[in-house]
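Biologist: Hey, got a minute to go through this structure with me? I'd like to pick out a few residues and see what they touch.

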Amino acid sequence: SGEQVVHEGDLDFTAKPEKGRLVLRAPEDYDCAAELIHLGRFLIVRDNSYCGGANVRFIGVYQRG
């Protein structure tokens, strides 16, 4: 007890963005899908919750430091 469990996931795709938008879809035998939108210094990321282990999500707004 007191031990923390770490859940991991990644987005490992080769894709080309179109007009600041990148849509990622895994092959048919996996359900992972995600969308990344580049707006100025911001990157908006949203997935379908099937891209990693339990409780792993790729969702948020990121900005360059």
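Biologist: Let's start with Glu35: is that one buried or exposed?

Modeller: Keep in mind that this is a predicted model. In it, Glu35 has a relative accessible area of 12%, so Glu35 counts as buried, the cut-off being under 20%.

Biologist: Which residue forms a salt bridge with Glu35, with the closest N and O atoms 2.4 Å apart?

Modeller: That's Arg21. Glu35 sits in strand β2 and Arg21 in strand β1, so this salt bridge ties together parts that are 14 residues apart in sequence.

Biologist: Why would side chains pair up like that?

Modeller: In general, side chains of opposite charge can pair when their charged atoms come close.

Biologist: And how accessible is Arg21?

Modeller: Arg21 counts as partly exposed, because its relative accessibility is 43%.

Biologist: What about Arg46, which side chain does it meet in a salt bridge?

Modeller: Arg46 meets Glu35, again at 2.4 Å from N to O. That pair links distant parts of the chain, with Arg46 in strand β3 and Glu35 in strand β2, 11 residues apart.

Biologist: How many salt bridges does the count come to?

Modeller: The count is 3. Another of them is between the side chains of Arg57 and Asp47, at 2.7 Å from N to O. Here Arg57 is in the loop between β3 and β4, Asp47 is in strand β3, and the two are 10 residues apart. As for sharing partners, salt bridges join Arg21, Glu35 and Arg46 into one network.

Biologist: Let's stay with Asp47. Where does it lie?

Modeller: Asp47 is part of strand β3, which covers residues 42-47. It has a relative accessible area of 7%, so Asp47 is buried. Its partner Arg57 is at 42%, so Arg57 is partly exposed.

Biologist: Which backbone nitrogen does the Asp47 side chain reach?

Modeller: The one of Ser49, at 3.2 Å.

Biologist: And what else is Asp47 in contact with, leaving aside neighbours within four places in sequence?

Modeller: Asp47 is in contact with Ala33, Ala34, Val56, Arg57 and Phe58.

Biologist: Okay, new topic. Which residues make up the largest nonpolar core?

Modeller: It has 9 residues: Leu22, Leu24, Cys32, Ala34, Leu36, Val45, Cys51, Val56 and Phe58. The elements that give two or more residues to this core are β1 (21-25) and β2 (33-39).

Biologist: Can we zoom in on Leu36? What does it touch, not counting residues up to four places away in sequence?

Modeller: Leu36 touches Gly20, Arg21, Leu22, Leu24, Leu43, Ile44 and Val45.

Biologist: Now β1. Which residues are on its covered face, and which are on the uncovered one?

Modeller: Leu22 and Leu24 make up the covered face of β1, while Arg21, Val23 and Arg25 are on the uncovered face.

Biologist: How many bridges join β1 to β2?

Modeller: There are 5 bridges between β1 and β2, and the two strands run antiparallel.

Biologist: So what stands opposite Arg21 in β2?

Modeller: Ile37 does.

Biologist: I also spotted some cysteines. How many disulfides does the count come to?

Modeller: The count is 1 disulfide. Cys32 and Cys51 form it, with their sulfur atoms 2.0 Å apart. The pair links distant parts of the chain: Cys32 is in the loop between β1 and β2, and Cys51 is in the loop between β3 and β4 (60-63), 19 residues apart.

Biologist: Are those two buried or exposed?

Modeller: Cys32 is buried, and Cys51 is buried too.

Biologist: And what's the torsion about the S-S bond?

Modeller: For Cys32 and Cys51 it is about 95°, so the disulfide is right-handed.

Biologist: One more. Where is Gly40 found?

Modeller: Gly40 is in the loop between β2 and β3. With a relative accessible area of 59%, over the 50% cut-off, Gly40 counts as exposed.

Biologist: What separation do the C-alpha atoms of Gly40 and Gly20 have?

Modeller: They are separated by 9.3 Å, and the two glycines are 20 residues apart along the chain.

Methods. Residues are numbered from 1 along each chain as its sequence is written. This is a predicted model: local features need pLDDT of at least 70, side-chain atom pairs count only at pLDDT 80 or more; totals for chains, interfaces and linings use all residues. Side-chain values use heavy atoms; hydrogens and water are left out. Helices (H or I, at least four residues) and strands (E, at least two) are DSSP runs, numbered from the N terminus. Buried means under 20% relative accessible area, exposed over 50%, partly exposed in between (1.4 Å probe, protein chains only). A polar contact is a pair of N or O atoms within 3.5 Å; within protein, one must be able to donate a hydrogen and the other to accept it, and residues adjacent in sequence count only if both atoms are side-chain atoms. Contact means heavy atoms within 4.5 Å. A nonpolar core is a set of buried Ala, Val, Leu, Ile, Met, Phe, Trp, Tyr and Cys residues joined through side-chain atoms within 4.5 Å. Two strands pair if DSSP finds at least two bridges between them. A disulfide is a pair of cysteine sulfur atoms within 2.5 Å. A salt bridge is a side-chain nitrogen of Lys or Arg within 4 Å of a carboxyl oxygen of Asp or Glu.
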